[in-house]
Amino acid sequence: ALPDPGDELPLARAAWRYAHGESAARRGDTAKLRAVAEQLARDRASLGDLGGFAGKALALVDIERLVLEGRLAMLEHRWPAAVASYRQAADLQRTALDEIADPPIWWYPVQRSLAAALLADGRTADAAQAARRVLVRWVGDPLSERILADVATVNGRDAEARDWLEAARGHWSGDPAALPFALL
């Protein structure tokens, strides 16, 4: 509902667009989600001179677009495309934005979304490895713990699944198992 920040604030505009994309993903509006991701790609090309912050700014806009493309692929059940988008975004987050900052430059560990996409693609071992990598830096991340619970369930390890889900619930307000998988 916020107004468009305009051309004078290109990074704020990109974040504004990203928020619209996340909202579309939560509503399941794939047409709007696709349009926002495409607009972010066009916006990136017109960011202008960002001085010494250019590398991080471009990475940030790329991550915004790639996350939305991953969300779109998840909603459309195109698991390999989701894996590819999230892997690229997670790599960018790790290489360009990985410094310790409070709050972090990017709001969540994209590696978690990669783990969810890997699990959706049936790659349980890779999904577990990706989720565990998140927990090294983002200790107690409830949605990564939820993914580990899902991996354990798929692999028939019910006691381990219960333990991971209990941990996730301890770090989350509400039920982390209720969040649609495409939005992790």
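**Notebook: an eight-helix chain**

I counted eight helices and zero strands in the chain, taking DSSP runs of H or I with at least four residues as helices and of E with at least two as strands, numbered from the N terminus. The model is predicted, so I note that local features need pLDDT of at least 70, side-chain atom pairs count only at pLDDT 80 or more, and totals for chains, interfaces and linings use all residues. Residues are numbered from 1 along each chain as its sequence is written, and side-chain values use heavy atoms, with hydrogens and water left out.

I looked up the largest nonpolar core (buried Ala, Val, Leu, Ile, Met, Phe, Trp, Tyr and Cys joined through side-chain atoms within 4.5 Å) and found 48 residues in it. Val67, Tyr86, Trp106, Val110 and Ile147 have the most contacts inside this core. Its largest share, nine residues, comes from α3.

I then listed the contacts (heavy atoms within 4.5 Å) of Tyr86, leaving out residues up to four places away in sequence. Among them are Val67, Met74, Val110 and Ser113.

I followed Ser113, which sits in helix α5. Ser113 counts as buried because its relative accessibility is 1%, where buried means under 20% relative accessible area, exposed over 50% and partly exposed in between, with a 1.4 Å probe and protein chains only. Beyond its neighbours within four places in sequence, I found Ser113 in contact with Arg71, Tyr86, Tyr108 and Leu184.

For the whole chain, I noted that 43% of the 184 residues count as buried. I also noted that the C-alpha trace spans about 55 × 35 × 30 Å along its principal axes.
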